[in-house]
Amino acid sequence: MKMRSCPNCEKSISLDIEICPHCNQQVPPLPNYPSANPKWFMVLWGFFVILIIALLISMFSVR
Ligand SMILES: [Zn+2]
C-alpha cells in the first residue's frame, strides 16, 4: 500500500483515506502528480519503430 504524509501533522498515512487517523483532520485529495507523459513516450517509441522498419526495408531493397 502506498503512503503519503498528512499535510497537517506530517505523519505517514494511507493514500486512500480521507481523514487522517493521527490528527483527525480531513486530508485533501491527492494532486495529480506530473508523471512521465505516456503519450509523448508512445509517439517517440512509434517513431523509433517506424525508423527501424524503414531501415530494414531499405536494407532489403538494396539487395
Ligand atoms: Zn494528520
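So, how many of the 25 residues of helix 1 are buried? Zero, and so helix 1 lies largely in the open. Keep in mind while we go through this that we're looking at a predicted model.

Okay, the overall layout. The chain has one helix and two strands, and if you start at the N terminus you read them off as β-β-α. The chain is 63 residues, and 2% of those count as buried. As for contacts, take the ones between residues at least 6 apart in sequence: 0% of them join residues at least 24 apart.

Back to the helix for a second. Helix 1 covers 38-62, and from the first C-alpha to the last it reaches 36 Å. At 1.5 Å a residue you'd expect 36 Å for its 25 residues, so the span is close to expectation.

Now to the other end of the chain, and the strands. Strand 1 is 3-5 and strand 2 is 12-14, with E10 sitting in the loop between them. What's the phi of E10 like, given that it's not a glycine? Positive, about 70°. E10 has 10 C-beta neighbours inside 10 Å, and since 12 or fewer is the cut-off, E10 counts as exposed.

Move along to the loop between strand 2 and helix 1, and you'll find N24. Here's another non-glycine with a positive phi, this time about 60°. N24 counts as exposed because it has 9 C-beta neighbours inside 10 Å.

Stay in that loop, between strand 2 and helix 1, because I also want to show you C20. Is C20 buried, exposed or partly exposed? With 18 C-beta neighbours inside 10 Å, C20 comes out as partly exposed, since buried would take 20 or more.

So who are the partners of C20? Leaving out residues up to four places away in sequence, C20 touches C6, N8, C9, I13, Q25 and V27. One of those, I13, falls within strand 2, which runs 12-14. N8 and C9, also on the list of contacts, belong to the loop between strand 1 and strand 2.

The pair I'd click on is C20 and C6. They're 14 residues apart along the chain, and their C-alpha atoms are separated by 6.8 Å.

To wrap up: we have a β-β-α chain, a helix 1 with zero buried residues, positive phi at E10 and at N24, and a partly exposed C20 that touches C6 among other residues.

How values were computed: Residues are numbered from 1 along each chain as its sequence is written. This is a predicted model: local features need pLDDT of at least 70, side-chain atom pairs count only at pLDDT 80 or more; totals for chains, interfaces and linings use all residues. Helices (H or I, at least four residues) and strands (E, at least two) are DSSP runs, numbered from the N terminus. Two residues are in contact if their C-beta atoms, placed from the backbone, lie within 7 Å.
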